[in-house]
Amino acid sequence: MAQQRKQLLTAFKIIFSAVLLYFIFTKIQLIDVLAVLKTAHLGYVLLAVLFFILSKIIAAMRLNLYFHQLQLFLTQWSNIQLYWLGMFYNLFLPGGIGGDAYKGYLIKKTFNIPTKRVVSALVVDRLSGLLLLFLYACGIALTLEYQILQDFKVLIAICIPLSIVTFWFLNKKFFPYIVPAFWTSFIYSSLVQLAQLGSVYFILQALQITEYTTAYLLIFLISSIVSVLPLTIGGIGAREITFLYGATWFSLKENTSVSISMLFFLITAIVSLVGIWYHFQKPELITKLSVSEE
């Protein structure tokens, strides 16, 4: 029964992603998007890839920080291998075990840490990233002069400290054993999202987009939040439709906006594909304690 539910959920995600993509390309021409992508400057694309990889390395370090709060002192290299395998599973094996679920399973199996604590570390790690996406989006929104944002700027400004306090309180109440890592993980998360913004900035440069840069960065942050919702396969469709409507909201070129999203997805897919190595050659989870014993 559980297997059938997984299959139905996967089928729903695939269909929903396909419907979103179909809807997008009834609004714009695919050939126009491809024409924009063909103009991409390879040097800037490579810089975008490097900044994306950097963001994932920092994100892996943040997760390892949470593992340390569980008294699981994985070496950074072991943790990065596990993290990359999770990226591969999340994007390329949607019908099987998800990346986060597999990481939790392997940690539990190898070190016999209580399931609840492993899951909580993975959940808080994901929420920490979402918090910084939200904070950066609020910060950028306050700098823009679009009419659509003017009536909400006071509320946006209030949401910045309120969201930080709320997230700290939830950590304190439900995950007290993780709270000591709160501010360090906050810094890691800020660096993760800053590196991803750097990646998108270089995508803009690759596509010769020199105007409305800040607006495109805001759309990217919103699309990153939307793509986390478990409704599509790897965020496919969700991110693109956010870029499509974002272009409408801010009076930008729709085909150019969707091109940014598609190029970011291609970079994500290429980098995540590296994790296939650890699918066949499973990462050996080594702790700092075991290294010191050797």
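# Exercises on a helical protein

The buried residues found in helix 11 are Ala-238, Arg-239, Glu-240, Ile-241, Thr-242, Phe-243, Leu-244, Gly-246 and Ala-247. They belong to a predicted model, to which every exercise below refers.

## Exercise 1: Helix 11

Determine what share of the residues of helix 11 is buried, and state what span is expected for this helix.

**Solution.**

Step 1. Helix 11 covers residues 238-249, which is 12 residues.

Step 2. A residue is buried when its relative accessible area is under 20%. In helix 11, 9 of the 12 residues are buried, so the helix is largely enclosed by the rest of the structure.

Step 3. The expected span is 1.5 Å times one less than the number of residues. For helix 11 this gives 16 Å, and the end C-alpha atoms are 16 Å apart, so the expectation and the model agree.

Step 4. Beyond the helix comes Ser-251, with a positive phi near 55 degrees.

## Exercise 2: The overall fold

Describe which secondary-structure elements the protein contains and how much of the protein is buried.

**Solution.**

Step 1. The protein has 14 helices and 0 strands. Read from the N terminus, its sequence of elements is therefore made up of α entries, as both the count and the order show when a helix means a DSSP run of at least four residues.

Step 2. Of the 294 residues, 48% are buried.

Step 3. Among contacts with a separation of 6 or more, 75% join residues 24 or more positions apart.

Step 4. The protein exposes about 15,100 Å², and 70% of this area is supplied by carbon and sulfur atoms.

## Exercise 3: The nonpolar core

Which residues of the largest nonpolar core touch the most other members, and which helix gives the most to this core?

**Solution.**

Step 1. The largest nonpolar core has 81 residues, and those touching the most other members are Phe-67, Ile-107, Ile-203, Leu-218 and Ile-260.

Step 2. The greatest contribution to this core, 12 residues, is made by helix 6 (residues 115-143).

Step 3. Ile-260 serves as an example. Setting aside residues up to four places away in sequence, Ile-260 touches Val-200, Ile-203, Leu-204, Leu-207, Ile-209, Tyr-216 and Phe-243. One of these, Phe-243, is also among the buried residues of helix 11.

## Exercise 4: Two residues compared with the cut-off

Decide whether Thr-256 is buried or exposed, and do likewise for Leu-106.

**Solution.**

Step 1. Thr-256 lies in helix 12 (residues 254-273). Its relative accessibility is 11%, so Thr-256 counts as buried.

Step 2. Apart from neighbours within four places in sequence, Thr-256 is in contact with Val-36, Ile-209 and Tyr-216.

Step 3. Leu-106 lies in helix 5 (residues 99-111). Because its relative accessible area is 12%, Leu-106 is buried.

Step 4. With neighbours within four places again left aside, Leu-106 is in contact with Leu-82 and Leu-285. Leu-82 is 24 residues away from Leu-106 along the chain, and their C-alpha atoms are separated by 9.1 Å.

## Exercise 5: Salt bridges

How many salt bridges does the structure hold, and which residues are linked in a network?

**Solution.**

Step 1. Side chains of opposite charge can pair when their charged atoms come close. The structure holds 4 salt bridges.

Step 2. Asp-100 pairs with Lys-103, with 3.3 Å between the closest N and O atoms. Both residues are in helix 5, 3 residues apart, about one turn of the helix. Asp-100 is partly exposed because its relative accessibility is 24%, whereas Lys-103, at 5%, is buried.

Step 3. Asp-100 also meets Arg-126 in a salt bridge, at 2.6 Å from N to O. This pair links distant parts of the chain, since Arg-126 is in helix 6 and Asp-100 in helix 5, 26 residues apart. Arg-126 has 35% relative accessibility and so counts as partly exposed.

Step 4. Asp-100, Lys-103 and Arg-126 are thus members of a network of salt bridges.

Step 5. A further salt bridge joins Glu-145 to Lys-153, with the closest N and O atoms 3.9 Å apart. Glu-145 is exposed at 63% relative accessibility, while Lys-153 is buried at 15%.

## Exercise 6: A patch on the surface

Which residues form the nonpolar patch on the surface, and which helix supplies its largest share?

**Solution.**

Step 1. The patch consists of Phe-92, Leu-273, Ile-276, Trp-277 and Phe-280, which together have about 540 Å² of accessible area.

Step 2. Helix 13 (residues 276-280) supplies the largest share, 3 residues.

Step 3. Phe-92 belongs to helix 4 (residues 76-92). Its relative accessibility is 34%, so Phe-92 counts as partly exposed.

Notes
Residues are numbered from 1 along each chain as its sequence is written. This is a predicted model: local features need pLDDT of at least 70, side-chain atom pairs count only at pLDDT 80 or more; totals for chains, interfaces and linings use all residues. Side-chain values use heavy atoms; hydrogens and water are left out. Patches are made of residues with over 30% relative accessible area and no salt bridge: like charges are joined within 9 Å, nonpolar side chains (Val, Leu, Ile, Met, Phe, Trp, Tyr) within 5 Å. Accessible areas come from the Shrake-Rupley method with a 1.4 Å probe; for residues, only the protein chains shown count as cover. A salt bridge is a side-chain nitrogen of Lys or Arg within 4 Å of a carboxyl oxygen of Asp or Glu. Helices (H or I, at least four residues) and strands (E, at least two) are DSSP runs, numbered from the N terminus. Buried means under 20% relative accessible area, exposed over 50%, partly exposed in between (1.4 Å probe, protein chains only). A nonpolar core is a set of buried Ala, Val, Leu, Ile, Met, Phe, Trp, Tyr and Cys residues joined through side-chain atoms within 4.5 Å. Contact means heavy atoms within 4.5 Å.
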